[in-house]
Amino acid sequence: MASGDGRRSQLLRGVLDLCLLAVMDEGPAYGYEMTKRLRARGMSIVGEGSIYPLLGRLERDGLVETRRQASNGGPPRKYYSLSAAGEQALEAGIEEWRAVRDAIDGALDLVKLEVAP
Amino acid sequence: MSEFVEECRREWRRLGVPDPIANEMAADLTADIEEAEAEGGSAEDVLGTSLFDPRRFAAAWAGARGVIAPPPTDEPTPPVVLERAPWYRPVTVVALTLVGFLMALAAAALVVGRHSSAVAATVTRAVHGSGPIRVFGPGSVVPPFPTVIHGQVFGVQNAGPAILLALALLLVGVALVGLALLYWAPWSHRRAGRRLG
């Protein structure tokens, strides 16, 4: 059976691309900006792998569009935004996630945990 | 530029990532790390655990972008499933073998039949003259004077097309049997299994 950290990593790995699409739904963002948005939503990638390979895959799959744009006072950054296909993938992914989450909740809610005082 | 980015660049160079793409990725990475550090964070905030394995990170990123072949993942390799031979496979093998043998038999029959008729022609028609071999094909008119053909064997004059036909039949027949063997050979199955894996 996977340890707590191992399971968390596996779960996160399965949905991190969906989370990236979700934070891009707020508006175009560059790599580190997306990391900060994830952190603001309670998800830290510290202890996990980087988001860059995932962004590369999303770009290759046509789910995101990119453009290089000057950032505030810094060097030009590569901004990622949702493509039309990305929006559809996000909607489908959210539905899929909710169905899986409800099914797992249904199984786990039957367990009565005895919490030590 | 940080040591991490330098290490990535070396890996991209080693993997043959085109310079413009490598430069772009390095610039994005540098800018993000510098921003995190300027905000009081660290490179780990940007890279997570990838910070400790720059070569793997670099290969994964380039692979995900499709500029090199994707690196192998940690996920277990799916088990090799051998393809079950389709129903037509044994039928094809039997049919090929049968047709091949029939063609070889036909070729043999043609040669034997041709040979015996040539012998008969020789026996019944080689009546004139003396000396070396005298041979007349079936249906030919016996000349009024002895015809001498040095060094030729029975029925050669009319046997050309039949022998060629027999040879062609034999070759095709052998080729068909060989094809059937190749089609059924065990290593052919193993190769199919490896393709599935």
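Contact here means heavy atoms within 4.5 Å.

**Figure 1. Fold and contact pattern of chain A in the predicted model.** Among the contacts of chain A between residues at least 6 apart in sequence, 47% join residues at least 24 apart. Chain A contains four helices and two strands, and their order along the sequence is α-α-α-β-β-α. Of the 117 residues in chain A, 36% are buried.

**Figure 2. Surroundings of A:Arg67 in strand S1 of chain A.** Strand S1 of chain A comprises residues 64-70, and A:Arg67 lies within this strand. The relative accessible area of A:Arg67 is 41%, so this residue is classed as partly exposed, a class that lies between the limits of 20% and 50%. When residues up to four places away in sequence are not counted, A:Arg67 touches A:Pro28, A:Arg77, A:Lys78 and A:Tyr79. The side chain of A:Arg67 is also joined to that of A:Gln69 by a polar contact of 2.6 Å. A:Ser81 stands 14 residues from A:Arg67 along the chain, and the C-alpha atoms of these two residues are separated by 8.6 Å.

**Figure 3. The interface of chain B and chain A.** Each side is represented in the contact by 22 residues, taken from chain B and from chain A. The area buried between the two chains is about 1900 Å², and carbon and sulfur atoms give 50% of this area. Between chain B and chain A, 14 residue pairs are in polar contact, with both residues at pLDDT 80 or more. On the side of chain B that touches chain A, H2, H3 and H4 of chain B each supply at least two residues. H2(B) gives the most to that side, with seven residues. By class, the side of chain B that touches chain A holds nine nonpolar, five polar and eight charged residues.

**Figure 4. Salt bridges across the interface, including the pair B:Asp32 and A:Arg77.** Seven salt bridges are found across the interface of chain B and chain A. One of the salt bridges is formed by the side chains of B:Asp32 and A:Arg77, with an N to O distance of 2.3 Å.

**Figure 5. Environment of B:Glu35 in helix H2 of chain B.** B:Glu35 has a relative accessibility of 15% and therefore counts as buried, the limit for this class being under 20%. Apart from neighbours within four places in sequence, the residues in contact with B:Glu35 are A:Tyr30, A:Tyr32, A:Lys36 and A:Arg77. With A:Tyr30, the side chain of B:Glu35 makes a polar contact to the side chain at 2.8 Å.

**Figure 6. Helix H4 of chain B and the elements that cover it.** Helix H4 of chain B has 12 residues (residues 54-65), which at 1.5 Å a residue should span 16 Å; the end C-alpha atoms are 16 Å apart, in agreement with this expectation. H4(B) is mostly covered, as nine of its 12 residues are buried. The buried residues are B:Pro54, B:Phe57, B:Ala58, B:Ala59, B:Trp61, B:Ala62, B:Gly63, B:Ala64 and B:Arg65. From chain A, the covering elements include helix H3 (52-60) and strand S2 (76-82). From chain B, they include helix H1 (3-15), helix H2 (19-38) and helix H3 (43-47). Just after H4(B), B:Gly66 adopts a positive phi of about 85°.

How values were computed. Residues numbered from 1 in each chain as written. Chains lettered and ligands numbered in written order. Predicted model: local features only at pLDDT ≥ 70, side-chain atom pairs only at ≥ 80, totals over all residues. Heavy atoms only, no water. Expected span 1.5 Å × (residues − 1). Buried < 20%, exposed > 50% of the residue type's maximum accessible area, 1.4 Å probe, protein only. Buried area = accessible area lost by both parts, 1.4 Å probe. Salt bridge = Lys/Arg side-chain N within 4 Å of Asp/Glu carboxyl O. Polar contact = N/O pair within 3.5 Å; in protein donor to acceptor, adjacent residues only side chain to side chain. Nonpolar A, V, L, I, M, F, W, Y, C, P; charged D, E, K, R; others polar.
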